[in-house]
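User: Hi! Could you walk me through this model? I'd like to begin with the ligand and then move on to the sheet.

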Amino acid sequence: MIKFDQVTKSFGKTTALKQISLEIHKGEFVSLVGQSGAGKSTLISLIIGEEKPDSGRILIDDIDVAHIRRSDIPYLRRKIGVVFQDIKLLPNRTAFENVAFAMEASGETNSIIKKEVPKILELVNLEDRSDAFPNEMSGGEKQRIAIARALVHKPVLLLADEPTGNLDSINAWEIIQLLLKINKNGTTVILATHAKDLVNSVKKRVVTIEKGEIVLDQAKGKYVL
Ligand SMILES: Nc1ncnc2c1ncn2[C@@H]1O[C@H](COP(=O)(O)OP(=O)(O)OP(=O)(O)O)[C@@H](O)[C@H]1O
Ligand SMILES: [Mg+2]
């Protein structure tokens, strides 16, 4: 599903990723770990076409992201859901409306929105918080809404960049459980994090990046740095 072939990306004098080759198959759950500045977020922004590589190829299914036509970007974005550490929910909209907004933006009809949003809220266990505004929700709840929002297009790939960064360990663990559930339902998940304990307990593939290079790729790995 994802193939990086000798990908290098620099920002000025900083080489964020060096000759990265990586394959991720449909249905996998991959934790991408490494210290701050290792290149995790850069890798994610290359997958969504937000940054372009200096050299190398990036294929998402059969789309060459490095040379994607502008007209194909919406198609790529619909395949991929993204969740960031700094959750940007609309403050004046309820949980329901935050999720609905993402569907409105892509032109879904009201009747589909009314039908689908409760299902997605149920998936993230927030069906009873539908009318809550962001300032009435806990950090973990807000992150779950952000995940719900990322799922509205039924993406085949979910990218979560440090989704537990601002959460305590119990809330963080709930987010990981939710990502595992989403993966079980068939979505490929990439989780970028430095939360070592969490990744250890997941017992799924762990790819470790250090200074822009993959130093370890373990099937049921442990985070070691
Ligand atoms: N837009 C940018 N402009 C300049 N340098 C950048 C930019 N984005 C990333 N970098 C640099 O590239 C390197 C990799 O950054 P990246 O954000 O990918 O790391 P990370 O592994 O996500 O770190 P963190 O765990 O802190 O989020 C760092 O040295 C960073 O300073
Ligand atoms: Mg990052």
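User: Which elements supply at least two residues each to the shell around ligand 1?

Analyst: Strand S2 (14-24) and helix H1 (40-47) do. Helices (H or I, at least four residues) and strands (E, at least two) are DSSP runs, numbered from the N terminus. Before we go on, this is a predicted model: local features need pLDDT of at least 70, side-chain atom pairs count only at pLDDT 80 or more, and totals for chains, interfaces and linings use all residues. Residues are numbered from 1 along each chain as its sequence is written, while chains are lettered from A and ligands numbered from 1 in the order in which they are written.

User: Thanks! Which element gives the most to that shell around ligand 1?

Analyst: H1, with 3 residues. The residues surrounding ligand 1 include Phe11, Thr14, Lys40, Ser41, Thr42 and His194; a residue is near a molecule if its C-beta atom, placed from the backbone, lies within 6 Å of it.

User: And how do the shell residues divide by character?

Analyst: There are 3 nonpolar, 8 polar and 1 charged around ligand 1. Here Ala, Val, Leu, Ile, Met, Phe, Trp, Tyr, Cys and Pro count as nonpolar, Asp, Glu, Lys and Arg as charged, and the others, Gly among them, as polar.

User: On to the sheet. What is the strand order?

Analyst: The order is S6-S7-S8-S3-S9-S10, an open sheet of 6 strands with mixed pairing. Two strands pair if DSSP finds at least two bridges between them.

User: Which strands stand at the edges?

Analyst: Strand S6 (80-83) and strand S10 (213-218). Each has a single partner strand, so one side of each is left without a neighbour in the sheet. From one strand to the next, the twist averages 15°.

User: How many bridges join S9 to S10?

Analyst: 5 bridges, and the two strands run antiparallel. Glu210 stands opposite Glu213 in S10.

User: What does H1 touch on the sheet?

Analyst: H1 packs on the sheet against strand S3 (29-33), strand S7 (157-161), strand S8 (188-193) and S9, its direction making about 150° with that of S7. Contact means C-beta atoms, placed from the backbone, within 7 Å. Axes are lines fitted to C-alpha atoms, for helices over the stretch in contact, and angles run from 0 to 180 degrees between N-to-C directions. Helix H6 (residues 169-184) lies across S3, S7 and S8, at about 155° to S8.

User: New topic: where is Asp61?

Analyst: Asp61 is in the loop between strand S4 (55-60) and strand S5 (63-64). Its phi is positive, about 50°, although Asp61 is not a glycine.

Notes:
Two residues are in contact if their C-beta atoms, placed from the backbone, lie within 7 Å.
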